[in-house]
Amino acid sequence: MTFVPVATTDELRDDIPLACEVPETGSGREDDGELEVALVRHEGVLYAIENECSHAKVPLSEGDVIDCTIECYLHGSTFDLRTGKALNLPATKPVRVFPVRIEGDDILVDPDNPLNFEEN
Ligand code: FES
C-alpha cells in the first residue's frame, strides 16, 4: 500500500468530480507519473476512479455523477464508481478504481493497488 496525497478535502464538493494527478510512488508502475483519477464524494463516500474513459480516452471528470455512477460526457457510457464497470454502451471495458482515504485534510489514493472489479 502506497497512499499518496492528491487533494485536500476543502477542494471537493459533493457529486462534483475533481480531476487529480497522482504523483509517482517509485513503485515502477507502467503509468508512473501519468495517472489521473477523478475523485468523487457521493452520499458521504469517497471514490477514486481512473480519469479516462475506456472508450475514447476522454476525462470522466467532465461528466455527471448520477447515483453511484459517473457518466462520460462524450457518448454517455456510465461507470460504477465502486467497481469501475462500464454499465452501458459504447464503452465495454472497465476503468480502474483505487483505494482512497482521508488523513487530516488530505485525500490520499493508493495507485499501486487498484481494487478488484469484474471484467465486462
Ligand atoms: S468516450 Fe466515453 S463513452 Fe465514448
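Q: Two strands pair if DSSP finds at least two bridges between them. In this predicted model, how do you know that β4 and β8 pair?
A: Strand β4, residues 45–50, is joined to β8 by two bridges. The cut-off is at least two, so β4 and β8 count as paired. Ala-48 has Phe-98 in β8 as its bridge partner, and the two strands run antiparallel.

Q: What makes β3 and β4 a pair, and in which direction do they run?
A: Six bridges link β3 (residues 36–42) with β4. With at least two needed, β3 and β4 therefore qualify as a pair. They run antiparallel, and among the partners is Val-45 in β4, which stands across from His-42.

Q: What lies between β3 and β4 in their hairpin?
A: Two residues sit between the strands of this hairpin. Glu-43 in the turn has a positive phi, about 50 degrees.

Q: How do you know that β2 and β3 pair?
A: Four bridges join β2 to β3, again running antiparallel. At least two are required, so the pair is accepted. One of the matches puts Val-37 in β3 opposite Cys-20.

Q: Why are β2 and β8 called edge strands?
A: Four strands make an open, antiparallel sheet in the order β2-β3-β4-β8. Strand β2 (18–21) and strand β8 (97–98) each pair on one side only.

Q: What pattern do the side chains along β2 follow?
A: They alternate: Leu-18 and Cys-20 point to one face and are buried, whereas Ala-19 and Glu-21 point to the other face and are not. Strand β4 of this sheet is mostly covered, with five of its six residues buried.

Q: Which strands make up the open sheet of three, and how are its neighbours turned?
A: The order is β1-β10-β9, with antiparallel pairing. The edges are β1 (4–8) and β9 (100–103), each pairing on one side only. Neighbouring strands here are turned by 35 degrees against each other on average, direction ignored.

Q: What makes β9 and β10 a pair?
A: Four bridges connect β9 with β10, residues 106–109. Since at least two suffice, this antiparallel couple counts as a pair. Leu-108 in β10 stands opposite Arg-101.

Q: Why does the charge of Arg-101 count as close enough to the ring of Phe-3?
A: The charged end of Arg-101 is 4.1 Å from the ring centre of Phe-3. The distance limit is 6 Å, so the distance test is passed. The charged end sits over the ring.

Q: How many aromatic pairs does the structure hold?
A: Zero. Pairing would need ring centres within 6.5 Å, so no two rings are counted as a pair.

Q: Why is Asp-80 called buried?
A: Asp-80, in strand β7 (residues 78–80), has a relative accessible area of 10%. Buried means under 20%, so Asp-80 meets the definition. Beyond four places away in sequence, Asp-80 touches Ile-49, Cys-68, Thr-69, Lys-85, Leu-87 and Val-97. The C-alpha atoms of Asp-80 and Ile-49, 31 residues apart along the chain, are separated by 9.1 Å.

Q: What makes the link from Asp-80 to Arg-82 a polar contact?
A: The side chain of Asp-80 reaches the backbone nitrogen of Arg-82 at 2.7 Å. The limit is 3.5 Å, so the distance fits a polar contact.

Key. Residues are numbered from 1 along each chain as its sequence is written. This is a predicted model: local features need pLDDT of at least 70, side-chain atom pairs count only at pLDDT 80 or more; totals for chains, interfaces and linings use all residues. Side-chain values use heavy atoms; hydrogens and water are left out. Rings of Phe, Tyr and Trp (its six-membered ring) pair if their centres lie within 6.5 Å; planes under 30 degrees apart count as stacked, over 60 as edge-to-face and the rest as tilted. A charge sits over a ring if NZ of Lys or CZ of Arg is within 6 Å of the ring centre and within 35 degrees of the ring normal. Buried means under 20% relative accessible area, exposed over 50%, partly exposed in between (1.4 Å probe, protein chains only). Axes are lines fitted to C-alpha atoms, for helices over the stretch in contact, and angles run from 0 to 180 degrees between N-to-C directions. Contact means heavy atoms within 4.5 Å. A polar contact is a pair of N or O atoms within 3.5 Å; within protein, one must be able to donate a hydrogen and the other to accept it, and residues adjacent in sequence count only if both atoms are side-chain atoms.
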